[in-house]
Amino acid sequence: MALLQIAEPGLSAAPHQHRLAVGIDLGTTNSLIATVKSGSAVCIADQQERVLLPSVVRYCEKGRIETGYDALRAQKIDPLNTISSAKRLIGRKLEDIPAAQLPYRFGDNGRIIELQTRQGAKTPIEVSAEILRTLKERAEHALGGDLVGAVITVPAYFDDAQRQATKDAARLAGLNVLRLLNEPTAAAIAYGLDNASEGTFVVYDLGGGTFDVSVLQLSKGLFEVKATGGNSALGGDDFDHRLFCHLLEQNQLSQLNEQDSQLLLSLARAAKESLTTDNSSTIQTTLSDGREISYTVTRQEFQNLTQHLVAKTIEPVKQALKDAGVGKADIKGVIMVGGATRMPQVQQAVATFFGQTPLNNLNPDQVVALGAAMQANVLAGNKNDDEWLLLDVTPLSLGLETYGGLVEKIIPRNSTLPTARAQEFTTFKDGQTAMTIHVVQGERELVADCRSLAKFTLRGIPPMVAGAARILVTFQVDADGLLSVSAREQSTGVQAQIEVKPSYGLDDDTITRMLKESMSNASDDMAARARAEATVEAEGLIAAVKTALELDSDLLTESELQNIQAAIFAVEQTVQTGMAADEIRQAVATLGTATDDFAGKRMNRNIQRALTGQKIEEI
Ligand code: AMP
């Protein structure tokens with residue numbers, strides 16, 4: 001869970017203590033790991049100089065496990081024990097996925113998806129953990145030491161269960177998760193947009209099998225995902241498939257065996273990739289029955305064939321803009337992510353739609369991992385300058401003490417940063433000229449159970465009757481996690497304010513404990529809150545009746561006076577002896593009834609006083 005302020009300026013690690021931290025793009029098809037070396041983010045390659053690790057795991061005989069290219073190669077011969085695309089299953093339930101279409105034997109323990117393999121039942125968490133473990137070992141081997149932690153990216157639309165499951169996978173792989181980061185946010189960080197960029201950006205991510213679009217709002221280094229959309233069954237593979245079908249038509253090929261189909265499909269893919277840079281590409285091969293194939297496809301022809309696929313990506317873009325409540329013209333930049341965005345027709349379509357050239361100078365396969373590595377580097381404390389972390393939410397609610405020791409929450413927990421909220425308060429006593437603002441943090445109802453952050457006093461409130469003053473209290477948490485609270489009396493403009501670092505010194509465990517306590521004490525807290533509210537009401541009424549008696553008790557007969565005094569005493573007793581809210585309210589109601597006539601008489605007298613000496617036409 002994010003803390004409001006994680007790094008204290010000036011306390012980050014010195015350069016010689018460089019701590020090994022990595023960013024991991026745990027992808028559906030491929031995964032990557034990156035780190036920051038000498039100030040720049042780079043992807044870490046395996047011993048064969050390959051950066052991509054296919055996200056495939058094979059459970060072999062005798063407890064052996066293969067990952068990456070080895071597992072990918074075996075997929076055809078050992079499909080039941082070779083798991084790919086675990087990301088589509090992680091954190092989901094069996095009923096959420098099209099299990100019948102997948103080539104696995106699913107087990108159902110009613111809670112979590114299980115895949116039956118020759119090594120027993122495996123969950124998508126365990127499968128993902130194998131990918132992460134391979135990447136971790138790759139990095140430790142390349143960097144020559146243990147990793148202090150990793151930032152792992154997840155799609156912006158991942159829900160809590162999917163995020164938690166990803167974290168569990170990392171833990172299982174022996175990784176310390178510094179943070180999960182949204183993939184589009186990571187891409188924006190890689191493009192340096194966290195440095196002083198403001199505005200709305202679009203991340204267009206066309207991978208091998210999925211298309212994701214996100215609308216990001218950036219402000220002072222803070223990212224908010226405004227909307228997401230996409231198509232989970234649209235990607236570069238569809239372009240391969242379209243070209244493959246065209247090859248079949250042009251060469252009058254039908255009923256190809258599995259081997260020939262696979263061969264042509266991979267040639268179609270290679271041709272697609274070469275057409276990104278070349279104007280034409282020739283597919284040449286001999287099929288298993290001896291037939292020779294030679295077909296030259298031009299870039300223009302390929303673009304015509306796949307036009308409808310490109311157009312299909314624009315629909316979700318329009319929808320995401322609509323959901324985010326922004327127009328094309330509001331978009332400051334478009335970031336291209338995913339290998340399939342290399343295709344010139346995709347670049348062109350995006351440029352035409354947005355009326356601007358997209359950001360594409362980083363490797364679109366690596367951009368998410370690179371951004372994650374940059375974030376990991378900061379989180380691990382490797383930056384010397386007074387670097388603040390990217391923050392996304394407030395971990396606990398922020399509020400202030402109101403009369404009766406109660407907490408009024410102003411900024412609820414999990415609010416996206418930066419955030420500001422204001423609320424009006426008023427005075428409790430007649431003639432009150434000062435007000436103490438006590439800022440607290442926590443989920444509980446009573447101040448005594450929350451964490452006190454700061455206190456300050458607003459002075460110079462003009463004397464007025466209780467409840468007449470209007471004091472606007474504003475809470476603001478900025479990008480650096482600094483909370484500032486200001487209080488302003490609205491009629492005179494007198495103002496006081498304070499700055500606080502709300503969660504400094506509050507670690508994850510403390511936050512978790514505070515949240516747990518708030519849940520387990522919820523019903524006691526509600527009773528205490530009700531009691532405190534009834535007490536405030538009772539004390540307010542007693543004060544008002546006593547003032548009235550001082551001024552106008554001559555309007556009452558002796559027995560009426562005694563009656564009211566007895567009712568006041570009864571209310572005081574319920575408060576002082578700690579009775580429940582209902583009993584206090586009951587006594588307050590009795591006092592109210594006992595003073596009804598008195599209130600009427602006072603009103604008559606006040607009207608008479610107001611009218612005395614005035615002419616009828618002046619009224
Ligand atoms: P990703 O899932 O981001 O790794 O993207 C994989 C997809 O990008 C696959 O469909 C690849 O064929 C495609 N791709 C990779 N390089 C190129 C390229 N040079 N031109 C067109 N598509 C490419």
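Here are some worked exercises on a predicted model of a protein chain.

**Exercise 1. Get the overall picture: how many helices and strands does the protein chain have, and what share of the residues is buried?**

Solution.
- Start with the secondary structure: the chain has 13 helices and 26 strands.
- Next comes burial. Of the 619 residues, 47% are buried.
- Now look at the surface, which comes to about 29,500 Å², with 48% of that belonging to carbon and sulfur atoms.
- Finally, check the contacts with a separation of 6 or more: residues 24 or more positions apart account for 65% of them.

**Exercise 2. Work out the sheet that contains E5: what is the strand order, and which strands stand at the edges?**

Solution.
- Write down the order first. This open sheet of 3 strands runs E6-E5-E7, with antiparallel pairing.
- Read off the edges: strand E6 (65-67) and strand E7 (82-84) each have a single partner strand, so one side of each has no neighbour in the sheet.
- For the twist, neighbouring strands are turned by 15° against each other on average, ignoring direction.
- Zoom in on one pairing. Strand E5 (residues 56-59) and E6 are joined by 3 bridges and run antiparallel. Val57 has Thr67 in E6 as its bridge partner.
- Add the helix: H2 (residues 124-143) packs on the sheet and touches E5, E6 and E7. The direction of H2 makes about 110° with that of E5.

**Exercise 3. Take the salt bridge between Glu130 and Arg133: how far apart are the closest N and O atoms, and is Glu130 buried or exposed?**

Solution.
- Begin with the distance: the closest N and O atoms of Glu130 and Arg133 are 3.0 Å apart, and the cut-off for a salt bridge is 4 Å.
- Place the pair in sequence. Both residues sit in helix H2, and because they are 3 residues apart there, about one helical turn separates them.
- Check exposure using the cut-off of under 20% for buried. Glu130 has a relative accessible area of 14%, so Glu130 is buried.
- Arg133, with 26%, is partly exposed.

**Exercise 4. Now try Arg342 and Asp365: which parts of the chain does this pair tie together?**

Solution.
- Confirm the contact first: the two side chains meet in a salt bridge, 3.0 Å from N to O.
- Locate each residue. Arg342 is in the loop between strand E18 (331-337) and helix H8 (344-354), while Asp365 is in the loop between H8 and helix H9 (367-379).
- So the pair ties together parts that are 23 residues apart in sequence.
- As for exposure, Arg342 is partly exposed at 35% relative accessible area, and Asp365 is partly exposed at 24%.

**Exercise 5. Put the pair Arg64 and Glu66 in context: which residues are linked with them in a network of salt bridges?**

Solution.
- Look at the pair itself: the side chains of Arg64 and Glu66 meet in a salt bridge at 3.3 Å, N to O.
- Compare their exposure. Arg64 is partly exposed, with a relative accessible area of 45%, whereas Glu66 counts as buried at 13%.
- Widen the view: the network links Arg64 and Glu66 with Arg58, Glu61, Asp78 and Arg118.
- For scale, a search of the whole structure finds 28 salt bridges.

**Exercise 6. Find the nonpolar surface patch that includes Met603: which residues make it?**

Solution.
- List the members: Met603, Ile607 and Leu611 make a patch of about 280 Å².
- Place Met603, which lies in helix H13 (residues 581-611).
- Test its exposure: Met603 has a relative accessible area of 53% and is exposed.

Terms used
Residues are numbered from 1 along each chain as its sequence is written. This is a predicted model: local features need pLDDT of at least 70, side-chain atom pairs count only at pLDDT 80 or more; totals for chains, interfaces and linings use all residues. Side-chain values use heavy atoms; hydrogens and water are left out. Patches are made of residues with over 30% relative accessible area and no salt bridge: like charges are joined within 9 Å, nonpolar side chains (Val, Leu, Ile, Met, Phe, Trp, Tyr) within 5 Å. Accessible areas come from the Shrake-Rupley method with a 1.4 Å probe; for residues, only the protein chains shown count as cover. Helices (H or I, at least four residues) and strands (E, at least two) are DSSP runs, numbered from the N terminus. Buried means under 20% relative accessible area, exposed over 50%, partly exposed in between (1.4 Å probe, protein chains only). Contact means heavy atoms within 4.5 Å. Two strands pair if DSSP finds at least two bridges between them. Axes are lines fitted to C-alpha atoms, for helices over the stretch in contact, and angles run from 0 to 180 degrees between N-to-C directions.
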